[in-house]
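Okay, everyone, thanks for coming. I'd like to spend a few minutes on charged pairs, so let me put the structure up.

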Amino acid sequence: MNRPLLFAALTSLLAAGCGAWIGTNARAGRPQDAAAKAADQAEREAPERAKGKADASAPAAEEAPPARAPGDYVAYRFSGSFRKTPLLLTQRVVAREGDVLVVDVTLEDGKETEALRVRMSDAPSRRGEILGAAWIDGGAERPATLAAYDAMMAKTALAADENEEVLGTEAVNVEVGGGAIACQKTSFRVRIGRTKATMRTLQSDDFAWGDVGGEITAEDGRVLYRAELVDRGHADARPSAPAAAAGAEPGLAPRPATVARSEDDGEGDDYED
């Protein structure tokens, strides 16, 4: 499965349950340990069962998702009580050089904007791996480290202490950007500090950018963490410019995703450490 920028370490949480992130605490493409690989394999098999693909002799290799091209973009919103204000993360392909994508990554919180231009592998065996990065400052580039990219992505993450059990899976359709994405929704019982919660993930092997969303809600319905795909599409390829507010980017008006058979979870609040 294509591990996206947002959820590269999700399998570590599901497999080991301790000290991992639902967001990103490492660059996509890093080797997984044996437990994480086992969890990732289980995630790949779940959608196949939902679609009735029970052929055990099928090859293990997955079909590559549709290639991303200059002008393709996605926007994700992060909210919940894990932070005071929502974040908007926009990724836009500005160039393609063989198996390498040049992607402008912008993170906004309503007051500050960070923008990096990254070189990302799109080769099947290394898809999502970050090869280099540069800050975008007033339209000009200046050198940045891969650690700077990691630090940006870490702002979209929430640490969970324990994954207790899988509660179930179901096939759902997510309507966003004028089309539907067939996803596998999986629910888990987890613990964050002393707070017991339910984590739900939305994954799709057919979505070129990777996982579609996820959330963690406390037993009383408080939203601790939510990551949601709010827009996707294609526009003229161009370097991104700083946006005025989280939730809005020049030329991009995020449209909230609609998830068939999903639940409303109410307002977010603090959780117990």
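I'll go through some salt bridges, and then finish with a phenylalanine. Before anything else, keep in mind that this is a predicted model.

So, how many salt bridges does the structure hold? The count comes to 14. The general idea is familiar to this group: side chains with opposite charges can pair when their charged atoms come close.

Let's start with Arg126 and Glu129. These two form a salt bridge, and their closest N and O atoms sit 2.9 Å apart. Are they buried or exposed? Glu129 has a relative accessibility of 21%, so it counts as partly exposed; the cut-off for buried is under 20%. Arg126 is partly exposed too, at 39%.

Next, have a look at strands E9 and E10. E9 covers residues 162-176 and E10 covers residues 179-192. Which residue does Glu162 pair with? Its partner is Arg191, with 3.1 Å between the closest N and O atoms. Glu162 belongs to E9 and Arg191 to E10, so this salt bridge ties together parts that are 29 residues apart in sequence. On accessibility, Glu162 comes out at 32% and Arg191 at 27%, which puts Glu162 in the partly exposed class and Arg191 in that class as well.

There's another pair across those strands. Arg189 and Glu165 meet in a salt bridge through their side chains, and the N to O distance is 2.1 Å. Here Arg189 is the one in E10 and Glu165 the one in E9, with their positions 24 residues apart in sequence, and the pair links distant parts of the chain. Arg189 is partly exposed, with a relative accessible area of 32%, and Glu165 is partly exposed at 37%.

Now for something beyond simple pairs. Which residues are linked in a network of salt bridges? Arg68, Arg96, Asp122 and Arg127 are linked that way. If you have the viewer open, pick out Asp122 along with the arginines of that network.

Last stop, and we're leaving the charged residues behind. Phe78 is in strand E2, which spans residues 72-79. Where does Phe78 fall on accessibility, buried or exposed? Phe78 is buried, with a relative accessible area of 0%. Leu88 is ten residues away from Phe78 in sequence, and their C-alpha atoms are 6.4 Å apart in space.

That's my tour, folks. Happy to rotate the view if anyone wants another look.

Technical notes:
Residues are numbered from 1 along each chain as its sequence is written. This is a predicted model: local features need pLDDT of at least 70, side-chain atom pairs count only at pLDDT 80 or more; totals for chains, interfaces and linings use all residues. Side-chain values use heavy atoms; hydrogens and water are left out. A salt bridge is a side-chain nitrogen of Lys or Arg within 4 Å of a carboxyl oxygen of Asp or Glu. Buried means under 20% relative accessible area, exposed over 50%, partly exposed in between (1.4 Å probe, protein chains only). Helices (H or I, at least four residues) and strands (E, at least two) are DSSP runs, numbered from the N terminus.
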